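Here's a quick briefing to read with the model open. Have a look at the fold before going on.

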Amino acid sequence: MKHLRRAEERSKQKGSRDLQEQHFFNIMEIPDLSSMKLLSRPELFDFEGVSMVHYFTDNWEKVKNFQARPDDILIATYPKAGTELADNLSTSPRLIKTHLPVQLVPKSFWEQNSRIVYVARNAKDNAVSYFHFDRMNMGEPEPGDWNTFLQKFMEGKNVFGPWFDHVSGWWEKKQTYSNLLYLFYEDLVEDTGREVEHLCSFLGLSTSVEEREKITKGVQFDAMKQNKMTNYSTLPVMDFKISPFMRKGKVGDWKGHFTVAQNEQFDEVYKQKMKNTTVKFRTEI
């Protein structure tokens, strides 16, 4: 895969086994669908109580039996919630990414007490971003129009399951698992430098002011949108004529998509789905 080849060029000093394991969950996140152009989009199906497509479950035994290490760093998000900040830190341990809900994460991560960074984005902006992602990604089920997609989003009929369960499940895990840092996309946008400092502290990284400033500048949305290492512009399965992989990255972009009726309906569904969790989100900053 092209993104793995690029990763390999950056990691020549590491052994091939380490490289393969480091990017194992990256494969789970973005499968090699370069040959999918002439085939139909995948169908959604229920997998252990979570909506999935077969690309993410075909090698499930390998995922389930993945052997984590104590110094691994797992970056977890709901799709289109924003992994950019943590993924661009220069760290010597393995950096592994996943969209799996907390209950499907391999047990070895908990057994090894690996460090985990979860990035959550407010539901409305997440829904809009996911909609445009599904429009341009032929490896995802057909999204339909905005209203159709929004109804499915509220019902949890998306790859990796309901947003509501995903963010609240990881939030609850945070209450009992001390090695989990729960970040909010809105905080990252509001004050990237502050969150970089917070993240470096959690990861135990001794970084100078200059290094943190360099990281902060590098993970700004506009910089990453232009970077072929992060914008996935070389993946044939993604049709950038429809929408870029990294579209806007704004907080509050949902206001240009939700009608008044849709917003009222969504708020009502949100209230019911999130009534048993204490996690709070901002839909604007």
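What follows covers the nonpolar cores, one strand and one loop residue.

This is a predicted model, where local features need pLDDT of at least 70, side-chain atom pairs count only at pLDDT 80 or more, and totals for chains, interfaces and linings use all residues. Residues are numbered from 1 along each chain as its sequence is written, and side-chain values use heavy atoms, with hydrogens and water left out.

**Cores**
- The largest nonpolar core (buried Ala, Val, Leu, Ile, Met, Phe, Trp, Tyr and Cys joined through side-chain atoms within 4.5 Å) has 53 residues.
- Helix H7 (residues 123-136) gives the largest share of this core, with 7 residues.
- A second, separate core has 11 residues, among them Ile75 and Phe202.
- Trp163 is one of the residues with the most contacts inside the largest core; beyond four places in sequence, Trp163 touches residues including Tyr78, Phe153 and Phe281 (contact means heavy atoms within 4.5 Å).

**Strand E3**
- Helices (H or I, at least four residues) and strands (E, at least two) are DSSP runs, numbered from the N terminus.
- In E3 (residues 73-77), 5 of the 5 residues are buried (under 20% relative accessible area, 1.4 Å probe, protein chains only), so the strand is largely enclosed by the rest of the structure.
- E3 pairs (at least two DSSP bridges) in the parallel sense with E4 (residues 95-98) over 4 bridges, and also in the parallel sense with E5 (residues 115-120) over 5 bridges.
- Ala76 sits opposite Thr98 in E4, while Ile73 has Arg115 as its bridge partner in E5.

**Asn158**
- Asn158 is in the loop between helix H8 (146-155) and helix H9 (163-176).
- At 4% relative accessibility, Asn158 counts as buried.
- Beyond four places in sequence, its contacts include Leu44, Tyr78 and Phe153.

Technical notes:
Buried means under 20% relative accessible area, exposed over 50%, partly exposed in between (1.4 Å probe, protein chains only).
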